[in-house]
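Student: I should like to learn how to read salt bridges and burial in a structure. May we begin with a single residue?

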Amino acid sequence: MRAHLNKMLLGGAAVLLALQPAMAQEAKEKYPYVSLRGGVSMAEKSRLESAESGFAGHSSHDTGWAAGAAVGYDFGGVRLEAELSRHENGVDDYGIENAGGFAMARGTNPGDSGKTRATNLMANLYYDIDFGAPLKPYLGFGMGASRINFNNYRTGATAFLDDSKTVFAYQGIAGLRYEISRQLDLTVDYRYFNAENPNLVDALGRGLEGDYTTHLVMVGLSWKFGGAAPRREEPVRTVQPEPQPEPEPAPAP
């Protein structure tokens with residue numbers, strides 16, 4: 001299911017990139033902007049496996065938080081931005097199939113103080129669907145780097161993972177943008193975020209592979225700078241010549 005969704009997202013990005021020149025030609029207004037956004041992160045179970053130790057299991061997460069800031073440029077229907085964001089989810093429990101030498105029972109173990117964090121630097125491309133109304137739907141795709149931190153993974157007195165790695169990441173975006181004023185927009189969107197599997201080291205120095213996928217619901221504000229209203233063409237006025245008086249008839253001889 002995830003592989004199929006990943007192909008759909010990558011296909012969507014290819015479509016947006018292919019349409020970018022045509023959409024740029026329709027630009028009516030261009031301006032830079034900055035955005036602040038925040039919301040909730042609903043992380044999926046993170047699979048944890050090690051061919052070296054035999055460890056096999058996963059971490060289940062509580063609903064966490066997400067926040068980000070971005071700077072970008074609107075080309076008139078197409079927006080390109082650089083985004084710095086962070087997601088954090090507390091660990092609810094660990095499902096252990098093979099403890100790999102750690103003092104943990106098979107089955108469900110409490111998560112205690114474990115957290116999964118992702119700090120991300122992304123380049124995002126958006127396409128605004130303009131119906132001539134203040135409310136505009138948009139689609140987007142982003143890719144970049146994510147620093148994934150599996151922090152203080154422990155159950156009871158057994159600490160088995162505390163490591164982080166920087167990996168490639170991408171996200172698919174769908175949302176709504178409402179123009180509050182000429183300088184301010186309100187945005188609400190959904191983001192599917194996925195990071196490539198980081199190669200970690202467990203508490204005993206053995207290799208361990210994890211994964212990280214989350215679903216985000218974000219609310220944001222965008223401040224626009226230097227935007228100007230589209231110039232209206234003035235109608236061409238034609239000046240009609242004033243009628244000339246008819247010449248008087250010549251007197252009879």
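Tutor: Let us begin with arginine 191, which counts as buried at 1% relative accessibility. Buried means under 20% relative accessible area, exposed over 50%, and partly exposed in between, with a 1.4 Å probe and protein chains only. This is a predicted model, in which local features need pLDDT of at least 70 and side-chain atom pairs count only at pLDDT 80 or more, while totals for chains, interfaces and linings use all residues. Residues are numbered from 1 along each chain as its sequence is written, and side-chain values use heavy atoms, with hydrogens and water left out.

Student: With which residue does arginine 191 form a salt bridge?

Tutor: A salt bridge is a side-chain nitrogen of Lys or Arg within 4 Å of a carboxyl oxygen of Asp or Glu. The partner of arginine 191 is aspartate 189, with the closest N and O atoms 3.0 Å apart. Aspartate 189 is also buried, at 4% relative accessibility.

Student: Which residues are joined into one network by salt bridges that share partners?

Tutor: The network comprises Asp74, Arg79, Asp128, Arg177, Glu179, Asp185 and Lys224. Within this structure, arginine 177 and aspartate 128 form a salt bridge at 2.9 Å between the closest N and O atoms. Arginine 177 lies in strand β9 and aspartate 128 in strand β7, so the pair ties together parts 49 residues apart in sequence. Strands (E, at least two residues) and helices (H or I, at least four) are DSSP runs, numbered from the N terminus.

Student: How many salt bridges does a search of the whole structure find?

Tutor: The search finds 17.
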